Amino acid sequence: MMNRLTRFSIAVSAVATLTIATVAEARMYRYMDENGQVVISNTIPQEASKRGYDILSKNGRVIETIDPEPTDEEIAAREAQERQQAREKRQRELDRKLLERFSHPDEAVRAMHRKIRELQGLNQLKRGNISVIDNQLDNEQSRAANLERSGRDIPQATLEKIRRLESQIRDIEREINAQNADIKALQNRFEEDIERLEEITGEKRTIPLDPDEAKK
C-alpha cells in the first residue's frame with residue numbers, strides 16, 4: 001500500500017515537472033531586431049527586449065505583450081505630467097479651503113480690512129508707548145544737561161536710565177517695522193486670495209482693497 005502510494009506520488013511529480021518543462025520549452029518570443037525585422041525565437045537579446053516583445057505559445061498565440069521601455073523623453077514627459085497633476089490637485093484643495101472661508105471676494109476684502117486695522121491699532125499703541133518713553137527720556141536728558149552746565153557730574157544711574165530708555169525706544173521701533181512688514185505680507189496674501197476668488201466664483205469685488213479708501 002505504502003509502496004503503491006509512493007510510486008503514485010513520484011509519478012505525479014514527474015508529470016508535473018514534465019508539464020512545466022514543456023510549457024517553458026514551448027514559450028517563444030517575437031520581437032523586432034535592430035534592422036526592424038520580426039524575429040521569433042526561444043530566447044530574446046536584452047537590447048531587443050527593451051524595444052518590447054510578445055510572448056507566444058507553441059501554436060503561435062500571443063500569451064502576453066511586453067511594452068517597450070520608455071525613452072528618456074517619455075519619462076520626462078510623464079514626470080512633468082505627474083507634477084502638473086499634483087499641482088492641480090493641490091490647487092483644488094486650496095480652492096476648496098478658500099471657499100470654506102469666503103463665498104465672495106468682498107468677504108475676503110472685509111476680512112483683510114479688519115485684520116489690517118487690528119495690526120495698525122497695535123502699532124498705534126506702540127507709538128503711544130514711544131511717546132511716553134520719549135517724555136521720560138527728555139526729562140532725564142534735561143536733568144543731565146542742567147548738571148553739566150552747573151559743573152556737576154552726571155550720576156551713573158541717570159546715564160544708565162538714559163541708555164535704557166533709548167534702547168526701549170529702538171526695540172519698539174523695530175517691533176513696529178516688523179509689524180508693518182507683516183501687514184504688507186498679510187495684504188499680499190489676501191490680495192492673492194481675492195484674485196483667486198474672483199476667478200473661481202466668477203464674481204468681482206466691489207470694495208476697494210485699500211482700507212482707507214473703503215472708509216470714504
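Helices and strands here are DSSP runs, a strand being at least two residues long, and they are numbered from the N terminus. The model is predicted. With that in hand, let's work through some exercises.

**Exercise 1. Find the strand that holds Val38, and decide whether Val38 is buried or exposed.**

Step 1. Locate the residue: Val38 lies in strand E2, which covers residues 38-41.
Step 2. Check its accessibility. The cut-off for exposed is over 50% relative accessible area. Val38 has 56%, so it counts as exposed.
Step 3. Look at its surroundings on the surface. Met32, Val38 and Ile40 make a nonpolar surface patch of about 280 Å².

**Exercise 2. Lay out the elements of the chain in order.**

Step 1. Count them: the protein chain has 6 helices and 4 strands.
Step 2. Read from the N terminus on: α-β-β-α-β-β-α-α-α-α.
Step 3. Add some whole-chain values. Of the 216 residues, 22% count as buried. The accessible surface comes to about 16000 Å², and 50% of that belongs to carbon and sulfur atoms.
Step 4. Consider how the chain contacts itself. Among contacts with a separation of 6 or more, 57% are between residues 24 or more positions apart.

**Exercise 3. Compare the spans of H4 and H5 with the spans expected at 1.5 Å a residue.**

Step 1. Take H4. This helix has 45 residues and reaches 64 Å from its first C-alpha to its last, close to the expected 66 Å.
Step 2. Take H5. Its 46 residues should span 68 Å, and the end C-alpha atoms are 67 Å apart, which agrees.
Step 3. See what follows each helix. After H4 comes Gly151, with a positive phi near 80°. Just after H5, Gly202 has a positive phi of about 75°.

**Exercise 4. Explain how the partners in two salt bridges, Glu93 with Arg96 and Arg174 with Asp171, are placed along their helices.**

Step 1. Start with the first pair. The side chains of Glu93 and Arg96 meet in a salt bridge, at 2.4 Å from N to O. Both residues lie in helix H3 (residues 72-101), 3 residues apart, or about one turn of the helix.
Step 2. Go on to the second pair. Arg174 forms a salt bridge with Asp171, and their closest N and O atoms are 2.2 Å apart. Both lie in helix H5, again 3 residues apart, about one turn.
Step 3. Bring in the geometry. An α-helix has 3.6 residues a turn, so residues three or four places apart point the same way.
Step 4. Check accessibility. Glu93 is partly exposed at 33%, Arg96 is partly exposed at 39%, and Asp171 counts as partly exposed at 32%.
Step 5. Widen the view: salt bridges with shared partners join Glu93, Arg96 and Glu100 into one network.

**Exercise 5. Work out which helices the salt bridge between Glu140 and Lys161 ties together.**

Step 1. Confirm the bridge: the two side chains meet at 3.3 Å, N to O.
Step 2. Place the partners. Glu140 lies in helix H4 (residues 105-149) and Lys161 in helix H5 (residues 156-201), so the pair ties together parts that are 21 residues apart in sequence.
Step 3. Look at each partner's accessibility. Glu140 is buried, at 8%, whereas Lys161 is partly exposed, at 30%.
Step 4. Put the bridge in context: a search of the whole structure finds 12 salt bridges.

**Exercise 6. Describe the largest nonpolar core and name the element that gives the most to it.**

Step 1. Size it up: the largest nonpolar core has 14 residues, and Phe102 and Phe190 have the most contacts inside it.
Step 2. Assign it to elements. H4 and H5 are the elements that give two or more residues to this core, and H4 gives the most, with 6 residues.
Step 3. Follow Phe102. Leaving aside residues up to four places away in sequence, Phe102 touches Glu107, Ala108, Ala111, Phe190 and Leu197.
Step 4. Find the other core: apart from the largest one lies a core of 9 residues, among them Ile133, Ala144, Ile162 and Leu165.

**Exercise 7. Find how far apart the C-alpha atoms of Arg114 and Pro211 are.**

Step 1. Place Arg114: this residue is found in helix H4 and counts as exposed, at 54% relative accessibility.
Step 2. Set sequence against space. Arg114 and Pro211 are 97 residues apart along the chain, and their C-alpha atoms are separated by 8.7 Å.

Technical notes:
Residues are numbered from 1 along each chain as its sequence is written. This is a predicted model: local features need pLDDT of at least 70, side-chain atom pairs count only at pLDDT 80 or more; totals for chains, interfaces and linings use all residues. Side-chain values use heavy atoms; hydrogens and water are left out. A salt bridge is a side-chain nitrogen of Lys or Arg within 4 Å of a carboxyl oxygen of Asp or Glu. Buried means under 20% relative accessible area, exposed over 50%, partly exposed in between (1.4 Å probe, protein chains only). A nonpolar core is a set of buried Ala, Val, Leu, Ile, Met, Phe, Trp, Tyr and Cys residues joined through side-chain atoms within 4.5 Å. Contact means heavy atoms within 4.5 Å. Patches are made of residues with over 30% relative accessible area and no salt bridge: like charges are joined within 9 Å, nonpolar side chains (Val, Leu, Ile, Met, Phe, Trp, Tyr) within 5 Å. Accessible areas come from the Shrake-Rupley method with a 1.4 Å probe; for residues, only the protein chains shown count as cover. The expected span of a helix is 1.5 Å times one less than its number of residues.
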